[in-house]
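Trainee: I've got a model open and I'd like to know what the labels on it rest on. Can we go through a few?

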Amino acid sequence: MSEVTACLKELPGGFLYVPNSGNAGDSLIAEATYQVLEDTGCRYDVGQLTDVLGESRRTVVVGGGGNLNGVYGNVRQFLSTNFDAFDRLVILPHTIRGEDELLARMDNRFVLFCREVPSYEYCVKAAPGAQVLLADDMALHWDRDRTHKHAAAAIRAGLSNPRFSFRQFKHKIRSIQHAGKVRSGTLNAFRSDIEAISAQTPRSNVDLSGVFATDAMTRDYAASAVQFLADYLDKTKNVRTDRLHIAILSALLGKSVDMYDNNYGKNLSVYEHSLAGRFPNISFHKQS
């Protein structure tokens with residue numbers, strides 16, 4: 001049993017799970033987390049990072065990701081807004097950087113799971129009052145068959161939900177629009193945001209994490225987004241990417257992966273902690 005699973009099993013029933021908002025990579029994290037929560041038999045409600053919890057104390061689990069690094073403010077704002085409302089606060093495997101002030105305030109109510117060594121070493125020093133643990137990225141718990149079954153059921157049930165049906169339609173259109181990008185057998189899936197090392201992306205590039213981003217991180221939306229993403233990746237043999245979760249998902253699908261770093265070393269750190277030696281189909285490269 002992993003330390004994450006053991007921690008979740010010990011939580012009181014009826015806690016609040018708050019997925020990390022973001023792109024299709026975050027949907028993969030959320031979907032894998034829902035599967036783990038099912039396996040542990042946990043009872044939980046699903047919240048959002050914009051929630052204000054009020055005065056009554058609650059046990060809260062914040063989804064894993066890279067949203068607490070001094071750049072993105074979603075998780076920081078949620079923690080700051082609700083700091084005194086937590087009876088217990090668990091942050092699932094995260095990359096954590098540049099949050100000295102917030103971490104220094106944390107006490108024994110807080111459990112921080114870090115998904116690579118630099119984050120762990122940083123949090124041990126910056127959050128001496130919290131419990132700090134090292135764990136694999138949640139996406140590595142993902143099971144495709146379970147996603148396929150849930151996504152199929154969500155699509156059937158979602159026929160009466162215009163918002164969900166519209167997102168399905170957009171993902172189908174985007175799959176068709178970008179179909180030509182995978183026909184050569186090698187897919188370039190490099191990021192086009194502030195974490196990119198180079199301002200120039202390869203020719204015939206498609207930033208899949210943005211293409212299949214969704215409106216929400218509830219189970220139905222997450223499973224559907226991941227299903228579209230996996231189906232798209234099925235059409236290629238080789239993937240070149242600096243998107244962490246495109247690399248992880250591609251590796252889990254058996255693709256040959258050329259993995260590159262982002263602009264602050266997150267990808268290399270996760271690769272060294274969880275992927276190297278475990279996935280012979282991933283090769284890590286330095287950006288030129």
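Trainee: Let's start small: in which helix does Thr 40 lie?

Mentor: Thr 40 lies in α2, where a helix is a DSSP run of H or I with at least four residues, a strand is a run of E with at least two, and both are numbered from the N terminus. Before we go on, this is a predicted model, so local features need pLDDT of at least 70 and side-chain atom pairs count only at pLDDT 80 or more, while totals for chains, interfaces and linings use all residues. Residues are numbered from 1 along each chain as its sequence is written, and side-chain values use heavy atoms, with hydrogens and water left out.

Trainee: What makes Thr 40 buried?

Mentor: Its relative accessible area is 12%, and buried means under 20%, exposed over 50%, and partly exposed in between (1.4 Å probe, protein chains only). So Thr 40 goes in the buried class.

Trainee: Which residues is Thr 40 in contact with, leaving aside neighbours within four places in sequence?

Mentor: Thr 5 and Lys 9; contact here means heavy atoms within 4.5 Å.

Trainee: And why does Arg 43 count as exposed?

Mentor: Its relative accessibility is 56%, so by the cut-off it counts as exposed. Arg 43 sits in the loop between α2 (24-40) and β2 (44-46). Exposed or not, Arg 43 still touches Gly 13, Gly 14 and Phe 15, with residues up to four places away in sequence not counted. Its C-alpha atom is 8.9 Å from that of Leu 16, 27 residues apart along the chain.

Trainee: How do you know how many disulfides there are?

Mentor: The rule asks for a pair of cysteine sulfur atoms within 2.5 Å, and the count by that rule is zero. Cys 123 is in no disulfide, with the nearest cysteine sulfur, that of Cys 114, 3.8 Å away. For Cys 42, the closest cysteine sulfur is in Cys 7 at 9.3 Å, so it is too far for a bond.

Trainee: Are those two, Cys 42 and Cys 123, buried or exposed?

Mentor: Cys 42 has a relative accessible area of 16% and Cys 123 has 0%. Cys 42 is therefore buried, and so is Cys 123.

Trainee: What makes helix α11 largely enclosed by the rest of the structure?

Mentor: Seven of its 10 residues, in the stretch 266-275, are buried, so the label follows. Among those buried in α11 are Lys 266, Val 270, Tyr 271 and Leu 275. Their cover includes β5 (86-96), α5 (117-126), α10, β10 (256-260) and β11 (282-285). After α11 comes Gly 277, whose phi is positive, near 85°.

Trainee: Zooming out, how many helices and strands are in the protein?

Mentor: There are 11 helices and 11 strands. The radius of gyration, taken over C-alpha atoms, is set against the globule rule, 2.2 Å times the number of residues to the power 0.38. The protein comes out at 19 Å, close to the 19 Å the rule gives for 288 residues, so it is as compact as a globular protein of that length.

Trainee: What does its C-alpha trace span along the principal axes?

Mentor: About 55 × 50 × 35 Å. Buried residues make up 55% of the 288. Of the contacts with a separation of 6 or more, 67% are between residues 24 or more positions apart.
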